[in-house]
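I opened a new notebook page for this one and kept my entries short. Come along as I look things up.

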Amino acid sequence: MADAKKSTGIHIKGIGKYVPEMIATNEDFAKIVDTSDEWITQRTGIKTRHITNGEPTYYIGAQAAKNAIADAGIDVSDIDLIITATVTPDFYTPSTACLIQREIGAIGSMAIDINCACTGFDYGIDMAKRYLQSEDGVDTVLLVASEELSKFVDYTDRSSCILFGDGSAAFVLERQYDTLYSSFLGADGTGAKYLVSRAMRSENAFRTNKEDFDMGMPETKKHYFTQDGREVYKFATKALPNAVEKACEKAGISPDELDAIVPHQANVRIIETAAKNLGVSMDKMVVYIDRYGNTSSASIPIAFCDAVAEGKIKRGDKICLVGFGGGLTYAAVIFEY
Ligand code: UT7
């Protein structure tokens, strides 16, 4: 392998996470749907997930943001741009980023939401990197992933409700010259129908056509989330290793040279299959799905925070964050922590 390619990339100055206090165990789910701890553990690797007791997405995100800002040791006035990744905003408008900005007091910064489902944090890092690289007044970026998935989970559907949890995590990012950075991002909209939560319309007094446009999407109950689990599983087991390989190629390293791979935490079996396909040991894969379940865009940075806290990821390590999710989207970013 050639030497790793160095370019302008990111420096992670601070990190922070936040999960709501309430924990739902597999046994708790067995009381509300026809399931068992054995089935959930064997098929997904999940044991517990944190679920909000009413704290909205923007509030959860602001707590993680405050923790990351404290860890970075910066003043909120230093923040030039807030990017928030979420699929569960509290409002169509204002954006979650604007509400987080209000909560933390970073008034005057740019603020924007992105929706790339579970790959949102990867896309957010790449977007932050490109703003930082432009050297056009953005020197500090606050990237927050925040999800209150419990607001669209259908708690009567045993095949999906057991998977998801709520939580958030944030990074404070700065520009770094002459460092390792690469990304591989993509999407395949033909798979849009496999992971769906519908935005609800209000009654339109002028509309005479009561038929909905055939959007080629599944019928759903209200705004509730629905998925084709098997199709997503098939997609994920291919997309995940492919994204890591492509990002490694661009960085001029092999997957084996990575110190840690932090995958989207959706199902431990997906992660095991990806590790096998990549030819890397499971020790390299950062897995905390047992604690948090799938927290969509927040799952990768929450796992990253726990890995740092537990000494599994250290400064100087070569890291790959890799995600897949609704859209369908896929993404991998590689950097030196
Ligand atoms: O962020 C991305 C989000 N989505 C994903 O990553 C989803 C990817 N897919 C998956 O992780 C898996 O497909 C699931 C965990 C969703 C399902 O696991 P599976 O091994 O693919 O199960 P299955 O859908 O093939 O169902 C097997 C059986 C079915 O029963 P029958 O038809 O064989 O009698 C299901 O009805 O398991 C049943 N089942 C359950 N049984 C107990 C489905 N959910 C449950 C449950 N408890 N919670």
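I start with a definition: a residue counts as buried when its relative accessible area is under 20%. Ile51 has 12%, so I put it down as buried. One more thing before I go on: this is a predicted model.

**Entry 1: Ile51 and a far-off partner**

I found Ile51 in the loop between β3 (48-50) and α3 (57-72). Then I looked up its distance to Gly167. The two are 116 residues apart in sequence, yet their C-alpha atoms are 7.9 Å apart in space.

I did the same for Val141, which sits in strand β6 (residues 140-147). Its relative accessible area is 0%, so I wrote it down as buried. From Val141 to Arg175 I counted 34 residues along the sequence and 9.2 Å between C-alpha atoms.

**Entry 2: the ligand**

Next I turned to the ligand. Which residues come nearest to it? My list reads Thr35, Arg43, Gln227, Arg230 and Asn267, out of 21 residues around the ligand.

I then checked side-chain polar atoms against the ligand. In Gln227, an N or O atom of the side chain is 2.7 Å from a nitrogen atom of the ligand. For Arg269, a polar side-chain atom lies 2.9 Å from a ligand oxygen. For Trp39, the distance from a polar side-chain atom to an oxygen atom of the ligand is 3.4 Å.

How much of the ligand does the protein cover? On its own the ligand has 950 Å² of accessible area, and the protein covers 75% of that. I also looked up the pockets, and the largest pocket is the space that the ligand takes.

Three elements give two or more residues to the shell around the ligand: α2 (37-44), α6 (158-161) and α7 (229-251). The largest share is that of α7, with 4 residues. Sorting the shell by type, I got 8 nonpolar, 8 polar and 5 charged residues.

**Entry 3: the loop between α9 and α10**

I moved on to the loop between α9 (289-292) and α10 (299-309), where I found Ser297. Thr295 and Ser296 are in this loop too.

Are these residues buried or exposed? Thr295 has a relative accessible area of 1%, so I noted it as buried. Ser296 is buried as well, at 3%, and so is Ser297, at 0%.

I looked for contacts next. The side chain of Ser297 makes a polar contact with the side chain of Glu147, at 2.7 Å. Thr295 has a polar side-chain atom 3.0 Å from the backbone nitrogen of Ser299.

**Entry 4: helix α10**

Ser299 belongs to α10, and I noted it as one of the buried residues there. How many of the helix's residues are buried? I read 9 of 11, so α10 is largely enclosed by the rest of the structure. Besides Ser299, the buried ones are Ile300, Pro301, Ile302, Ala303, Phe304, Cys305, Asp306 and Ala307. Just after α10 comes Gly311, with a positive phi of about 75°.

**Entry 5: backbone oddities**

I kept a general reminder in the margin: most residues other than glycine have a negative phi, and most peptide bonds are trans. With that in mind, I went looking for exceptions.

Ser296, from the loop in Entry 3, has a positive phi near 50°. Asp178 has a positive phi as well, near 55°. I placed Asp178 in strand β7 (residues 167-187). Its relative accessibility is 59%, so I counted Asp178 as exposed.

Where are the cis peptide bonds I noted? One runs from Thr93 to Pro94, with omega near 10°. Pro94 is in the loop between β4 (81-85) and α4 (96-104). Another runs from Gly327 to Leu328, with omega near -10°. Leu328 lies in the loop between β11 (318-325) and β12 (329-336).

**Entry 6: what I would look at again**

If you want a place to start in the viewer, try Ser296. This residue pairs a positive phi with a relative accessible area of 3%. Then turn to the ligand in the largest pocket, and find Gln227 with its 2.7 Å distance to a ligand nitrogen.

Note on methods: Residues numbered from 1 in each chain as written. Predicted model: local features only at pLDDT ≥ 70, side-chain atom pairs only at ≥ 80, totals over all residues. Heavy atoms only, no water. Near = heavy atom within 4 Å. Polar contact = N/O pair within 3.5 Å; in protein donor to acceptor, adjacent residues only side chain to side chain. Areas by Shrake-Rupley, 256 points an atom, 1.4 Å probe, with all protein chains shown as cover. 1 Å grid on protein atoms, 1.4 Å probe; cavity = no way out; pocket = protein on both sides within 12 Å on 5 of 7 lines; lining within 4 Å. Sits in = over half its atoms within 2 Å of the grid points. Nonpolar A, V, L, I, M, F, W, Y, C, P; charged D, E, K, R; others polar. Buried < 20%, exposed > 50% of the residue type's maximum accessible area, 1.4 Å probe, protein only.
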